[in-house]
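Below are some notes on the core and the helix packing, set out as numbered points for your consideration.

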Amino acid sequence: MDANAVLQGFLSADASRIRGAAFDVLYAKHDAAKLAPLLPYADNIVEATRTIELGGVFIPNRLHVKEAVAVLRFYAQNFVPCSCQLFLSQYEWYSPEHEVALGAISILGIQKIQEKWVDYYHCQCTRCQQEFRVSEGEGHCLWWHWQRWS
């Protein structure tokens, strides 16, 4: 990820580039070193994108930008907990399968309904071993709600 290109995307006033920049940050959310150059610019990103119409038919694309900024602010804290804590946000598009592909989690089990539909995943962070129950839902698109396993 080229941090300067991502920043320029956010500041471009072009909805497509802004969305692309947001997804670049979200895909790099487990890599603090890649995100470090962007940390001082969270407020600038908010201001630059505030009035841009970002579209989104079923899911407002502004949610992706909002979560990308939240990721940057997460890493800007003095004490940064494990990146798996980002899953506990209100953002519901962190797919367990995608997180496995990123190496962030392992899926320990899958509970299905009538052996057809996923009810929830039992997941574990590969870094800190925190376990999560990840409920899966579907409307116009799939979504996932993460909570600590209890």
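**Core and helix packing**

1. In this predicted model, the largest nonpolar core has 40 residues, of which Phe10, Val25, Leu35, Leu38, Val71, Phe132 and Trp146 touch the most other members. At least two residues of this core come from each of helix H1 (3-11), helix H2 (15-27), helix H4 (42-49), helix H5 (62-75), strand E2 (117-125), strand E3 (131-138) and strand E4 (142-148), and H5 contributes the most, with seven residues.

2. Leucine 35, one of the core residues just named, is in contact with Met1, Val25, Ala28, Lys29, Val71, Leu72 and Tyr75, once its neighbours within four places in sequence are left aside.

3. H4 and H5 have axes 9 Å apart and pack at an angle of about 165 degrees; because angles over 145 degrees count as roughly antiparallel, H4 is roughly antiparallel to H5. The crossing of H4 past H5 is left-handed, and the contact involves Ala42, Asp43, Ile45, Val46 and Thr49 of H4 together with Arg62, Val65, Val69, Leu72 and Arg73 of H5. By residue type, this contact of H4 with H5 comprises six nonpolar, one polar and three charged residues.

4. For H2 and H5, the axes come within 9 Å and cross at roughly 40 degrees, and the two helices are therefore oblique to each other. Their crossing is left-handed, with Ile18, Ala22, Phe23, Val25 and Leu26 of H2 meeting His64, Val65, Glu67, Ala68, Val71 and Leu72 of H5 in the contact. The residues of this contact of H2 with H5 are nine nonpolar, one polar and one charged.

How values were computed
Residues are numbered from 1 along each chain as its sequence is written. This is a predicted model: local features need pLDDT of at least 70, side-chain atom pairs count only at pLDDT 80 or more; totals for chains, interfaces and linings use all residues. Side-chain values use heavy atoms; hydrogens and water are left out. A nonpolar core is a set of buried Ala, Val, Leu, Ile, Met, Phe, Trp, Tyr and Cys residues joined through side-chain atoms within 4.5 Å. Buried means under 20% relative accessible area, exposed over 50%, partly exposed in between (1.4 Å probe, protein chains only). Helices (H or I, at least four residues) and strands (E, at least two) are DSSP runs, numbered from the N terminus. Contact means heavy atoms within 4.5 Å. Axes are lines fitted to C-alpha atoms, for helices over the stretch in contact, and angles run from 0 to 180 degrees between N-to-C directions. Angles under 35 degrees count as roughly parallel, over 145 as roughly antiparallel, 65 to 115 as roughly perpendicular and the rest as oblique. A crossing is left-handed if the near helix is turned anticlockwise from the far one by less than a right angle, and right-handed if clockwise. Ala, Val, Leu, Ile, Met, Phe, Trp, Tyr, Cys and Pro count as nonpolar, Asp, Glu, Lys and Arg as charged, and the others, Gly among them, as polar.
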